[in-house]
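The following exchange sets computed values against the definitions behind the terms.

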Amino acid sequence: MGMGVERIKKIVVVGAGTMGHGIAQVCAMRGFDVVLIDIKDEILQKALEKIKWSLSKFVEKRRIREEDAEATLARITPTTKYEGYVDDADFAIEAVVENLDIKKKIFAKLDELMPEHAILTSNTSTLSITEMGRATKRPDKVAGMHWFNPPQLMQLIEVIRGEDTSDETLNTVVELAKKLGKTPVICKKDVRGFIVNRILGNVFNEAFWTYYRGEASKEGIDATVKYSGGFPMGWFELADYVGLDIAYEVGKIMYEAYGERFKPCPEVIEPLVKEGKLGQKTGQGFYDWTKGRPRIPFDKCDEYDVERSWAVAVNEAAWLVYEDVATPEDIDTAMKFGTGWPSGPCEYADRKGLDTILNKLKELYEKYKMEMYKPCPLLEEYVAKGWTGRKAGRGFYTYK
Ligand SMILES: NC(=O)c1ccc[n+]([C@@H]2O[C@H](COP(=O)([O-])OP(=O)(O)OC[C@H]3O[C@@H](n4cnc5c(N)ncnc54)[C@H](O)[C@@H]3O)[C@@H](O)[C@H]2O)c1
């Protein structure tokens with residue numbers, strides 16, 4: 001029997017950390033029964049405290065009523081056991097530590113205990129959905145469901161198709177994301193970094209290399225990106241916010257997966273990570289966070305050329321389209337909803353002119369001889385065909 005979204009009543013969330021507690025809260029707020037699993041009772045207690053705090057904020061802001069907060073909490077069952085808790089659940093979201101062996105064991109366990117119709121998903125940022133699926137006897141019912149931090153507030157969910165994921169499963173995950181009040185985008189291939197982290201990774205690298213070469217200060221880059229570019233945070237500020245340990249790990253994984261196009265600039269992040277300066281969570285990173293968000297000076301707005309950030313973002317977006325990983329629409333939605341960008345890279349390129357972006361990349365490639373600036377064949381092809389964007393009626397999008 002098929003597995004439509006209407007059939008989903010009970011959801012299992014494994015891992016009650018930063019992401020898991022928020023995901024559980026969102027599911028419960030939307031009326032689903034939730035089983036929240038972690039390895040220790042103390043962790044579950046802390047997770048429930050965090051959920052209560054977050055719900056109280058929603059009540060304060062009049063987004064929900066007091067009764068809704070209570071009903072939400074009552075729908076969440078915390079437990080350290082699987083047996084007797086997951087056997088009647090319809091859907092699972094795994095959000096434990098980023099470790100493939102641990103995740104595979106959890107998938108095998110869920111597969112063994114959950115009903116045949118149940119769909120199993122992972123919130124992994126970097127690991128292979130396909131491999132997790134193959135740890136089960138239902139690889140067609142396994143997909144990626146990549147949420148953004150904090151899950152209670154961020155709109156975007158990247159839905160990832162593993163090599164064995166069925167259309168029906170993908171569809172149901174998309175429908176569930178919508179039912180949870182989120183905006184799903186589809187990542188059609190199980191590639192490292194999915195959509196958002198691929199584009200962001202390239203933009204970070206461009207900024208780090210520019211800083212490393214001494215062409216601009218980190219404050220200068222961030223001021224330009226924020227005040228001239230209209231991005232919600234500067235790249236160094238955002239890296240601190242995400243956590244430099246995570247940015248560093250993701251950077252390494254991207255380099256392994258894509259090679260020179262993602263050549264990290266180790267001299268920039270690595271020393272900070274080694275000193276334990278991991279950004280906001282430790283109080284120190286590129287900036288001092290002990291007195292709140294760092295103040296990025298206004299007067300350094302002209303130190304950096306924000307078109308360089310756009311150029312590498314558009315280039316990576318072109319690779320995603322070229323490799324049939326995502327559509328321009330989904331790429332743009334992902335960057336706007338996942339990171340608060342003022343514009344998606346594809347629509348930006350169409351407005352600016354693909355020829356202009358291509359020239360910028362060629363100029364940068366000529367100057368630095370780095371792969372991240374080497375234009376994607378898709379851009380060359382579009383410009384050669386005269387598809388230069390809005391003005392030509394065709395670019396990433398078609399205009400009437
Ligand atoms: N933090 C983010 O911004 C973010 C964003 C998107 C995706 N992710 C992904 O979400 C996942 C979780 O990340 P996080 O930041 O919430 O991590 P976290 O360290 O805050 O939480 C992980 C939780 O998993 C629990 N856990 C570990 N082993 C377990 C097991 N065998 N069974 C049950 N629970 C177990 C831990 O006790 C911990 O509570 C990772 O795969 C990460 O890549 C994180």
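Q: Where is aspartate 324 found?
A: Aspartate 324 is found in the loop between helix 12 (306–322) and helix 13 (328–339); helices (H or I, at least four residues) and strands (E, at least two) are DSSP runs, numbered from the N terminus. This is a predicted model, in which local features need pLDDT of at least 70, side-chain atom pairs count only at pLDDT 80 or more, and totals for chains, interfaces and linings use all residues. Residues are numbered from 1 along each chain as its sequence is written, and side-chain values use heavy atoms, with hydrogens and water left out.

Q: Why is aspartate 324 called partly exposed?
A: Its relative accessible area is 40%. Buried means under 20%, exposed over 50%, and partly exposed in between (1.4 Å probe, protein chains only), so aspartate 324 is partly exposed.

Q: What makes phenylalanine 194 buried?
A: Phenylalanine 194 is buried because its relative accessible area is 0%. This residue is found in the loop between strand 8 and helix 7 (196–212).

Q: What is notable in the phi of phenylalanine 194?
A: Phi is near 45°, a positive value in a residue other than glycine. Most residues other than glycine have a negative phi. Aspartate 324 also has a positive phi, of about 55°.

Q: How do you know that strand 7 and strand 8 pair?
A: Two strands pair if DSSP finds at least two bridges between them. Strand 7 (residues 156–160) and strand 8 have 5 bridges, in the parallel sense, so they meet this criterion.
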